[in-house]
Structures are given as C-alpha cells and as structure tokens.
Amino acid sequence: MDKFVESAWFVRIVALLLTVLLYISVNFSDFQLLQKADKSSQNNSEVITDVPVQVYYDTENLFVSGVPDKVKVELSGPKSLIESAKRLRDFELFIDLTNVSIGKHRVPIKYKQISDKLKVTVLPEAVDVTIEEKVSDYFVVSPEFNDNMLAEGYQEEAVSVDPKRVKVTGSKSALNKIVYVKATLDVKEKVDKETTGTAKVQVLDSELNKLDVKVEPETVQVSISVKNPSKKIALRMFPKGTPPDGIKIKSIKPETEEITIYGKESILKEMEELVVPVEVDGIKKDTTLTVPIEIGEGLNFVSPQMIKVKVTVEGNPESEPEEDSGA
C-alpha cells in the first residue's frame, strides 16, 4: 500500500480528481449565475400607455359605443423583448365584434403580434360596449365666442360658421338625445378686428354631456366680426388746483366743444359729456395749455387725444414780501 501511495500513478490519479472537482465547481458557479440572470430577466415589467384599440364589426350597418380610444398594456418578461415592443409598437390590441349581436355586451380586449415569452396584461382587460343600428342625420352648427376675449371697448357684431351643417352618425338613441351642436372659437389674444379660426364641433345632450357619435367634418371655420361704436359728446373743463394769491380763473375754454369717444354701446349710451380737469397751479396770466383726454373703463379710444385749452385769468399776483436786510 505504501508503495502505491508513493507511486507516480497515485499522484496522477489524485491530480486528475482535483482537476475534475475544480472544473465542476467553476461550471456550477457559472450555471448558478446564468440561472440568476435568466430569472432576473424574467422579472422585468413595464406599462405602455396610450395604446390604440382596433374594433372589428360591421361598420356599414352598426354603430359601437363604449370602446376606449386608448388603453394601457403591462408587459412582463425579458427586458430586451419589452424594449423592442415598446419601441416598435408593432403589436395590436383589438376587440372582435364580428359575430356579436345587437345589444349590450362585456367583451375582452385581445392582442396579437406580441412574443409568447412576454406576459401581457391589458388595462382594462374587458369593456362594456353597446352595439346598435347605425343612423345618420344633418344638424346645424351654432358658432360661439367668449365675449371676454374682446378688446376693451369692442363688441361682437356677428359670428358665422362654415360649413353651417355637419353630418352626425351614431346610434339612433344617441341622435335622439342631441340638443346642442356647437363650435366655440378659441383665441389667444384680445380681438379687435375680424377674426377667423378653426373650432372643433361638439355634440351635446340637454345636460351638456358629450355624446358618443361621429361628426363629419370634425372641425369648422368660425368667423367673428367686431365693431367699435362711437359717439360725439360735449367737453366740460374744470380747474384743478389753486392759482397764486391774487389770481382768479375767469374762464377755461377748449378749442373744440365736443370730442368723439369709442367704446361699448352700453357705456356710450349713458355719456352726455366728458369732464376734463385742467391744472391751474402756478398760472399767473392768460395761458394756452395742451391737455390730454383720459378715458375710463369700457372706452378704448378718443379723438382728439390732446386738446388745446385757453385759460383766462383776472387780477394780479400779490408781490412776495421783501427779505429784511437788517439795520
């Protein structure tokens, strides 16, 4: 036995066994790491938002309501597959109603062209839809405009829309609920001239709820014309301040007796004259001044904006006392 232990073959066998054990140990560690990496890759999850839903049904004769325009999709699995699906978006979400009868149904949202290595969860997984007979009719569009967007002193003269009628398609029950078909012109700046813009057509019921219908065309052109009413009114001047001692303001007479003001009709209707203050501090003799005409709220322009005013005085200013120079 001692001879065998001391022999070269014994040493070779022990070395071989150690090599095999080392190989197994290294590869088993790599195998464990691969298993962990693979398991980790399977735990990736991400939600893709705003995914459109395609609906398959008899579009010629039926109308479907209740289908959301877009939903969310949660994908779980290898990160590379998730990233590819998110980037390409070459998959499809759909609802198949080709063999579903008229009425109310709860139907699943299905998917296709997604790798079977991914777990797919559609949010929501199912929706309530109503299938009805399709009908169409034409409705007159009422154009609207927010008066708060008018420039100061301006008022709406007329609002028009083109085209005046639109085609509304939907279920018979939806069309029976239509009370308002309107298009509201939205502007970013105050309006002081004729303005035209694109407005989306809204179809509403009696409680101003939006109805699930199709409108053709979806947008119309809304035009608004505005006016800036004017009126001639009298000027009345009055002195403001105090003239020097010994001086009395005899008269204040403007070069013109009336001016033209522009603004809202409701404001102009109540105005018969415009009172303008004239500063008389320091005036010692007959003087002609240039006075600005200031206007109040509801008015936006006046013509002329500056006016010459002749101020006539009487009396003499008292002499200032001489300073005592001392004895």
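Here a trainee and a mentor talk through a predicted model, starting from a surface patch and moving to the strands around it.

Trainee: What makes V179, Y180 and L208 a nonpolar patch?

Mentor: Val, Tyr and Leu are on the list of nonpolar side chains, and patch members need over 30% relative accessible area, with nonpolar side chains joined within 5 Å. V179, Y180 and L208 are grouped as such a patch, so they meet those cut-offs. Together they offer about 280 Å² of accessible area.

Trainee: Where does L208 sit?

Mentor: L208 is in the loop between β13 (195-204) and β14 (214-216). Y180, for its part, stands opposite L204 in β13.

Trainee: How do you know that β12 and β13 pair?

Mentor: Pairing takes at least two bridges. Strand β12 (residues 180-185) and β13 have 4 bridges, so they count as paired, and the sense is antiparallel.

Trainee: And what makes β13 and β15 a pair?

Mentor: Same test: at least two bridges are needed. β13 is joined to strand β15 (residues 219-227) by 6 bridges, so that pair passes too, again running antiparallel. For a concrete spot, T198 has Q221 in β15 as its bridge partner.

Trainee: How much of the chain is called buried, and what does that take?

Mentor: Buried means under 20% relative accessible area. Of the 327 residues, 32% count as buried.

Trainee: What does the chain expose overall?

Mentor: About 22,200 Å², with 49% of it supplied by carbon and sulfur atoms. As for secondary structure, the chain comes to 5 helices and 22 strands.

Technical notes
Residues are numbered from 1 along each chain as its sequence is written. This is a predicted model: local features need pLDDT of at least 70, side-chain atom pairs count only at pLDDT 80 or more; totals for chains, interfaces and linings use all residues. Side-chain values use heavy atoms; hydrogens and water are left out. Patches are made of residues with over 30% relative accessible area and no salt bridge: like charges are joined within 9 Å, nonpolar side chains (Val, Leu, Ile, Met, Phe, Trp, Tyr) within 5 Å. Accessible areas come from the Shrake-Rupley method with a 1.4 Å probe; for residues, only the protein chains shown count as cover. A salt bridge is a side-chain nitrogen of Lys or Arg within 4 Å of a carboxyl oxygen of Asp or Glu. Helices (H or I, at least four residues) and strands (E, at least two) are DSSP runs, numbered from the N terminus. Buried means under 20% relative accessible area, exposed over 50%, partly exposed in between (1.4 Å probe, protein chains only).
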